[in-house]
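Subject: Structure handover

Hello,

Here is the structure we talked about. Please open it first, then read my notes below.

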Amino acid sequence: MLVLGQDEKAKYPFLADAGEYLKDKGFSLTQFGSDPVLKLSVEKALHRIKVAAAGEVYKSDLIDGQASKDYVLEREVFSFLLAIVLIKLTGMSTLVKRFALAEARRAENYLEKDLGNASNKSKIDLATRIIYDLFNIEIIKENDFFVMPVSDYLKHSVTFHEREWKLINRHVENGKVFLTPDKTVRLIRKELGNYISSKITNAPKPSMIPGLEKIVDELITISKKLTPTYTITTGEYPPCIKHAIDVLEKGENLPHSGRFMLATFLLSRGQTVQQIAPLFKNAPDYNSRVTLYQLNHLAGTSGSATTYACPSCEKLKTQDLCFITKECDNIINPSQFGKKRK
Amino acid sequence: MNEINIKFLEDSFKKYYFNHFELIPIPQRTPEREFGFQKFNSSFFNRHISLKDGKELRLLFMQNTPSDVYCSNAYYAFPNSPMNEKDWKEADLIFDIDAKDLDLPCRPNHTVSICNQCSEITKNNNQCTKCNSNKLEKKSLPCKTCMNASKVEVKKLTEILINDLGIEKENIQIYFSGNEGFHVYVFNSQFQKLGSKERSELVDYIMFRGAIPETFGMKKFKPNRSSFPDFNQNGWNGRFSKQVFGSKSKRSKIISELLENGYSSFQKTLEHVSEEIGVKIDPNVTMDIHRIFRLPGSINSKSGLTKLLCTDITKFDPYNDACFLNDEPVEVLATCPVEFKLKNKKFGPFLNEKISIPTYAAAYLICKKLATIA
Ligand code: SF4
Ligand SMILES: [Zn+2]
Ligand SMILES: [Zn+2]
């Protein structure tokens, strides 16, 4: 088992043993419903979930990955533990999914920084230990790179769609793949999300803590508002579109051309900008303002008078975005999909 | 194939297995393998057989007089169960290099066509000269050029296996397939447990498929000369340099050209380079983790030659070294419009002639359906 320092617990709270931690600090869960000082942690937990639900990454009070005061650290860890308790109390799987994803993103940032921190060997060691303990990949630092066995790399990279992740596009030597810190962390993104979400799913469901009922209700309302956007994938979409949605849902990077195709296609099917925007939330470089701006631009609702049409199948083929199947039935544009039936 | 021919082949094969059983290495972890065999003139494939040890393997040969014997590269908990109940554990990594896939210009010169309708045998044709049918079966005869080109691919492959993929030389075995190619086996590697998808990524790597311009220094925006690969680099960067720049003195000039021609032209360059430096393996063979392969040391019934371990691939001459049937003369009726060499002896061309030739040559022709016992 990993021995975590104080800062590490704040950065990677999902590694800490929740119950132990509370006990160590002399608290019990029920106190959070009533103790006015602990209230601050409850608020923070709520904030943490809301941020995640909105598809963003929670910014902690850590400065340079360090807790300035002990109570800051405590609140970081408490708020994470409480957030899980609250989510369990709502029983909403949408919240689990979004929270796990956002927390994974957050941890990813720290892992990447720790790996890239050339001056602090213990940070690098810890990050590599985490990757080993959680995902059973042994990575070793070699100059500016992290190396791992080709077989481990392949086990994770095969789920990626971008050509960049093909083994041929990596430096390979002596049975090892060489990766930069950011690629190393990218490689385990999905597993990190799965790990956190399974931790939440497997945690026992607590009984309601008196004093927190209102907050739980508020979260249920938020979650219910979110749910409809997830019904967006239906069987009537052509393979290229399904694939693009798939990539985004996995939190992988969809090239700009792919986003353009997806947005224009959905707009052509009468979806609104507000309906489409959440789809891009999982993208690694998501920025809600920019996304809305771009979508509005495509839809022709902001300033420019032109609306953009979905690119032709031929064009998409050249962009590696076409995943043609029999169902495509010789159409020339994805927007014709399913309409040509006799 | 008629009874007399079958009897002849069965007898010759039996003698080989009786005298040369030591050429069949007992597969590692025999009880975990799936075995299979076929008999002459039977389309039935006996599969899902499990054997305890070398003794049982020997028995399989003696009791069945098989035309071909196979063994899985996979290890299973229950090798004799149906495929989805076998409980796959791991599999050796296998590569297939076949002269047929190289499609060299010499190929038509040593290929004969057998008409499925009227049995007419001619030099390489796409239509029967006698009955105009286009249902023709092609048979390729020994060719040194084809074999040498296959050897080059084997050497390219082993270089990548050792230097890029970190496989110990001792864990690589090269076998002549018994017909026109090589099977390269990799044992005890980090890849044993990989599934089909992951193996297909290895295949793309080895074949140099799916490379993007950025990997070899060409950027879409603001490309610059400093990012291009150089000769002394390991892996594909170094091999790419040798192929594209040729010599150190030309490197700078060629980089200027590449930059001038731009990104999409570079993509074409990569495709072209792939043809040259990618290793020509059969991707499906490596990806398939449930396949059974001709058992090393057994005879290939397409030729009567042995699937033989090559210890020195450069010196290896399959049409001499892997030819183990005896040289007792046999009378056959042969039609083989192309001349060929076995055991350093020239044979043919035969034009529907009754001839007396050594057993190994007779077996070769009968296996290729170009002769029958007279
Ligand atoms: S053929 Fe057209 S609709 Fe079908 S997958 Fe390709 S691009 Fe999409
Ligand atoms: Zn004919
Ligand atoms: Zn040839």
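Is B:C115 buried or exposed? B:C115 counts as buried, because its relative accessibility is 2% and the cut-off for buried is under 20%. One caution before the rest: this is a predicted model.

**First zinc site**

B:C115 is one of the residues that coordinate the zinc ion (ligand 2). The others are B:C118, B:C128 and B:C131. Each binds through SG, at 2.2 to 2.4 Å. Along the chain, these donors follow the spacing C-x2-C-x9-C-x2-C. The site is tetrahedral, with angles of 103 to 114° among the 4 donor atoms. For orientation, the ideal angle for four tetrahedral donors is 109.5 degrees. B:C118 is partly exposed, at a relative accessible area of 28%.

**Second zinc site**

The zinc ion (ligand 3) has a histidine among its donors: B:H110, through NE2. B:C106, B:C143 and B:C146 each give SG. Distances run from 2.1 to 2.3 Å. Here the angles among the 4 donor atoms are 98 to 119°, and the site is tetrahedral. The spacing along the chain reads C-x3-H-x32-C-x2-C.

What does the pair B:H110 and B:C146 tie together? B:H110 lies in the loop between α3 (99–102) and β7 (111–115) of chain B. B:C146 sits in helix α4 (residues 144–163) of chain B. The pair therefore ties together parts that are 36 residues apart in sequence. Both B:H110 and B:C146 are buried.

**Where chain A meets chain B**

The contact takes in 18 residues from chain A and 25 residues from chain B. Together the two chains bury about 1,800 Å². Carbon and sulfur atoms account for 59% of that area.

How many salt bridges are there between chain A and chain B? The count is 2. One salt bridge joins A:K166 to B:D204, with the closest N and O atoms 2.7 Å apart. There are also 13 residue pairs in polar contact between the chains, both residues being at pLDDT 80 or more.

On the side of chain A that touches chain B, α7 (150–157) and β3 (171–173) of chain A each supply at least two residues. α7(A) gives the most to that side, with 4 residues.

**To look at on screen**

- The zinc ion (ligand 2), with B:C115, B:C118, B:C128 and B:C131 around it.
- The zinc ion (ligand 3), with B:C106, B:H110, B:C143 and B:C146.
- The salt bridge between A:K166 and B:D204.

Best wishes

Technical notes:
Residues numbered from 1 in each chain as written. Chains lettered and ligands numbered in written order. Predicted model: local features only at pLDDT ≥ 70, side-chain atom pairs only at ≥ 80, totals over all residues. Heavy atoms only, no water. Donors = N, O, S within 2.8 Å, 3.2 Å for Na, K, Ca; no water. Tetrahedral: all angles 85-135°; square planar, octahedral: opposite > 155°, others 65-115°. Buried < 20%, exposed > 50% of the residue type's maximum accessible area, 1.4 Å probe, protein only. Contact = heavy atoms within 4.5 Å. Buried area = accessible area lost by both parts, 1.4 Å probe. Salt bridge = Lys/Arg side-chain N within 4 Å of Asp/Glu carboxyl O. Polar contact = N/O pair within 3.5 Å; in protein donor to acceptor, adjacent residues only side chain to side chain.
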